[in-house]
Amino acid sequence: MIKTAVILAAGMGTRLGERTKNQPKGFLMLDEKPIVEQSICKLLEMGIEKIVIGTGYLAEAYDRLATRYPQIACVRNDEYEKTGSMYTLYHLKNHISDDFLLLESDLIYEKKALDILINNKRPDVILASELTGSDDAVFIEADEYRFLRNMAKKENELNHIYAELVGITKISYPTFQAMCKFAEMSFDDDLKLDYEHALVGISHQVNLYVHKLDDLAWCEIDNEHHLLRAQRYIYPMIKAKEKNVPPVKRNILLNPGPATTTDTVKYAQVVPDICPREEEFGNVMQFISDELTKFVADPEHYTTVLFGGSGTAAVEAILSSVVGEEAVLIVNNGAYGKRMCQIAKAYGLNYIEYRSRPDKPLDLAAIEAMIQNSARKISHLAVVHNETTTGLLNDIESIGRLCKKYQIQMIVDAMSSFGAIPIDMEAMNISYLAASSNKNLQGMAGVAFVVAKKDHLEMTKHLRPRNFYLHLYSQYKYFLETKQMRFTPPVQTLYALKQAIIETRLEGIEKRYERYTKSWEVLINGITRLGLTHLVKKEHHSRIITAIMEPNIPSYDFQEMHNYFYRHGYTIYPGKLEGQNTFRVANIGDITYKDIEFFVSLLEQYLISIGYCTERKEIHGDSKT
């Protein structure tokens with residue numbers, strides 16, 4: 001059992017400027033204790049009995065810390081300005097006599113990182129994570145058995161990249177001795193040798209296992225960008241994940257929203273009661289508004305306006321607030337395009353409907369012809385990005401170019417694409433975008449929002465308001481002045497949304513879409529094997545929600561199938577197409593392809609139980625079910 005830890009803390013932290021002028025970077029504060037003290041507390045909680053800290057720059061700070069922790073021994077590297085981390089580690093050789101955990105002083109991390117290493121049976125383990133996108137990452141190359149081959153900060157110096165170095169490593173005493181011997185041979189040429197290169201230097205003689213954790217919340221704080229990321233995303237995530245709370249029963253929601261959420265999002269709602277008019281809560285909403293904007297646009301030119309309500313509230317807020325006396329062209333190729341027409345009709349808007357099939361790509365030439373031949377001046381065009389009726393992905397980039405050509409402002413319902421499919425509002429010429437908290441963001445239902453181009457939104461302040469609660473400009477102006485919604489917001493839901501945004505930021509929209517896509521591919525391959533078909537061709541599919549043709553046999557009943565899946569912890573959704581019998585499966589939320597694999601296996605069992613597979617074999621002569 002590991003009982004010793006070593007913390008390397010000699011560095012000057014010059015990239016943090018004034019922040020490290022009077023203190024080492026391990027004493028940066030994210031909460032009540034410096035980050036290095038938080039690390040020390042986690043080590044002690046995990047049963048570590050001896051902590052050796054290699055100090056250098058402003059070593060006195062660590063000496064003072066040691067007076068409060070008898071487990072700490074500080075050893076100063078007087079040559080810290082001209083030596084590297086391996087020199088500091090080598091300098092500790094008389095204080096290390098057994099296996100140990102090696103840590104860097106500027107890390108924040110989940111406590112489970114220590115647990116993973118301590119309980120790993122291998123003697124030497126390098127902790128790694130998936131790539132974080134940090135600007136100062138150390139990349140790891142491993143062989144087919146996950147043993148270390150190489151490490152470098154430049155990707156092109158490696159044959160392939162397996163993971164990113166975390167900065168916590170379990171090192172056996174014999175391996176430490178080998179590192180010291182390697183260092184002795186290297187110091188004549190390079191006193192700046194770091195411990196990573198020493199590990200690489202002995203990797204041909206020692207098996208250094210690379211343990212990759214894909215869901216670890218951690219970061220190193222070397223510069224201002226790292227510090228901001230730690231403050232806004234990483235540290236709040238660590239705190240959320242380390243709450244000592246029981247897991248919540250997990251249901252797999254394959255309906256198109258709300259989606260399956262993480263326990264950390266669920267528990268984010270459990271907060272002390274607060275009046276939403278307090279400045280503290282205003283800061284929560286400001287964070288949410290800023291971060292939602294950053295996902296799709298530059299906050300200098302765009303802003304996010306929050307509403308309490310479902311996603312339809314955001315769509316209705318846009319249509320009723322920004323369209324004047326001129327016409328709005330609404331693309332209707334599904335239930336949600338149709339809904340925009342219904343909203344326009346309810347408000348008496350001057351609207352033109354362009355109808356298209358819900359399973360086929362839009363005819364851009366026909367849309368342009370409608371614009372050219374319209375007797376009414378068209379000021380806006382509204383379109384659904386991912387039509388949730390079928391899973392059809394409309395080409396909003398091409399539509400945006402068309403709008404730019406004719407000086408039309410584009411309105412996009414991105415309810416089922418925001419947070420998964422990358423969107424660039426400036427590049428795509430989107431003036432207004434509507435979305436909600438409960439789909440790809442993986443938050444709770446109850447928050448709708450509009451991302452708007454500021455100068456276009458400002459132009460609407462002279463329009464006569466058609467409604468009160470959903471008036472977009474009034475909500476925007478009030479929040480700008482007060483950091484408050486005009487009316488009572490869904491407080492707990494917004495705390496959950498803040499946590500969901502943090503988790504989206506850490507996973508990354510591109511990575512989230514990759515995860516969704518992998519699940520979708522498993523779904524499509526599975527239903528195809530079972531003899532079912534989906535409506536939209538792969539090249540036009542959003543890969544987020546799929547309309548599947550129902551089995552055409554008398555024994556099939558959707559409600560019975562729904563109930564069968566519900567009993568097994570899965571929820572599916574009926575279709576919304578007139579004249580076609582479909583059911584829908586969404587592969588969004590906190591799920592993986594493994595969940596979809598199990599869904600497909602359940603679907604196969606259900607189809608066998610109603611005789612579908614037997615009947616299909618009789619009709620088609622298939623040899624497989």
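Is Lys 294 buried, exposed or partly exposed? Select it and look: Lys 294 comes out partly exposed, with a relative accessible area of 38%. Bear in mind as you click around that this is a predicted model.

**Stop 1: a pair on H9**

Keep Lys 294 on screen and add Glu 291. The two form a salt bridge, with 3.4 Å between the closest N and O atoms. Both sit in helix H9, three residues apart, so about one helical turn separates them. Glu 291 has a relative accessible area of 0%, which makes it buried, while its partner Lys 294 is partly exposed.

**Stop 2: the largest core**

Stay with H9 and select residues 279-296. This helix supplies eight residues to the largest nonpolar core, the largest share of it. That core has 66 residues in total, and Leu 381 and Phe 418 have the most contacts inside it.

Now centre on Leu 381 and show what surrounds it. Beyond its close neighbours in sequence (four places either way), Leu 381 is in contact with Val 328, Leu 329, Val 331, Ile 367, Ile 399, Cys 403, Ile 408, Gln 409, Met 410 and Ile 411. In soluble globular proteins, nonpolar side chains tend to be buried together.

From that list, pick Cys 403. It is buried, at 1% relative accessible area. Its sulfur has the one in Cys 341 as the closest cysteine sulfur, but at 15 Å that is too far for a bond. If you were going to hunt for disulfides elsewhere, save the clicks: the structure holds zero. For a contrast in setting, try Cys 275, which at 40% relative accessibility counts as partly exposed.

**Stop 3: strand S20 and its partners**

Select residues 430-436, strand S20. How many of its seven residues are buried? Seven of the seven, so the strand is largely enclosed by the rest of the structure.

Next, bring in the strands that pair with it. Strand S19 (residues 409-413) runs parallel to S20, with four bridges between them. To see one end-point of that pairing, label Asp 413 and its bridge partner in S20, Ala 434. Strand S21 (residues 447-453) is antiparallel to S20 and joined to it by five bridges. Here, label Tyr 432 and you'll find Ala 452 of S21 standing opposite.

**Stop 4: the second core and Thr 169**

Jump to Val 52, Leu 102, Leu 148 and Leu 208. They are among the 37 residues of a second, separate core.

Leave Leu 102 displayed and add Thr 169, which is found in strand S9. Thr 169 counts as buried, at 2% relative accessibility. Leaving out residues up to four places away in sequence, Thr 169 touches Phe 100, Leu 101, Leu 102, Leu 117, Val 125 and Ile 126. You can also draw a distance to Glu 104: the two C-alpha atoms are 9.6 Å apart, although these positions lie 65 residues apart in the numbering of the chain.

**Stop 5: helix H2**

Select residues 59-66. Within this helix, H2, the buried residues are Ala 59, Ala 61, Tyr 62, Leu 65 and Ala 66. Look down the axis of H2: those buried residues fall within an arc of 155°, so they line one face of the helix. What do the buried residues of H2 pack against? Show strand S1 (4-9), helix H1 (35-45), strand S2 (50-55) and strand S3 (72-76), and you have the packing partners.

**Stop 6: salt bridges across the chain**

The structure holds 31 salt bridges, and two are worth a visit here.

Start with Lys 241 and Glu 110, whose closest N and O atoms are 3.0 Å apart. Lys 241 belongs to helix H7 (residues 224-241) and Glu 110 to the loop between strand S5 (107-109) and helix H4 (112-119), so this pair ties together parts 131 residues apart in sequence. Lys 241 is partly exposed, at 27%, whereas Glu 110 is buried, at 4%.

Then go to Asp 136 and Lys 153, a salt bridge with its closest N and O atoms 3.1 Å apart. Asp 136 is in the loop between strands S6 (125-129) and S7 (139-142), and Lys 153 is in the loop between S8 (148-152) and S9 (163-171). Asp 136 is buried, with a relative accessible area of 11%.

To finish, widen the selection to Arg 15, Lys 25, Asp 106 and Asp 222: together with Asp 136 and Lys 153, they are linked in a network of salt bridges.

Conventions:
Residues numbered from 1 in each chain as written. Predicted model: local features only at pLDDT ≥ 70, side-chain atom pairs only at ≥ 80, totals over all residues. Heavy atoms only, no water. Buried < 20%, exposed > 50% of the residue type's maximum accessible area, 1.4 Å probe, protein only. Helix = DSSP H or I, 4+ residues; strand = E, 2+ residues; numbered from the N terminus. Arc of directions from axis to C-beta. Contact = heavy atoms within 4.5 Å. Core = buried A, V, L, I, M, F, W, Y, C linked by side-chain atoms within 4.5 Å. Pairing = 2+ DSSP bridges. Salt bridge = Lys/Arg side-chain N within 4 Å of Asp/Glu carboxyl O. Disulfide = S-S within 2.5 Å.
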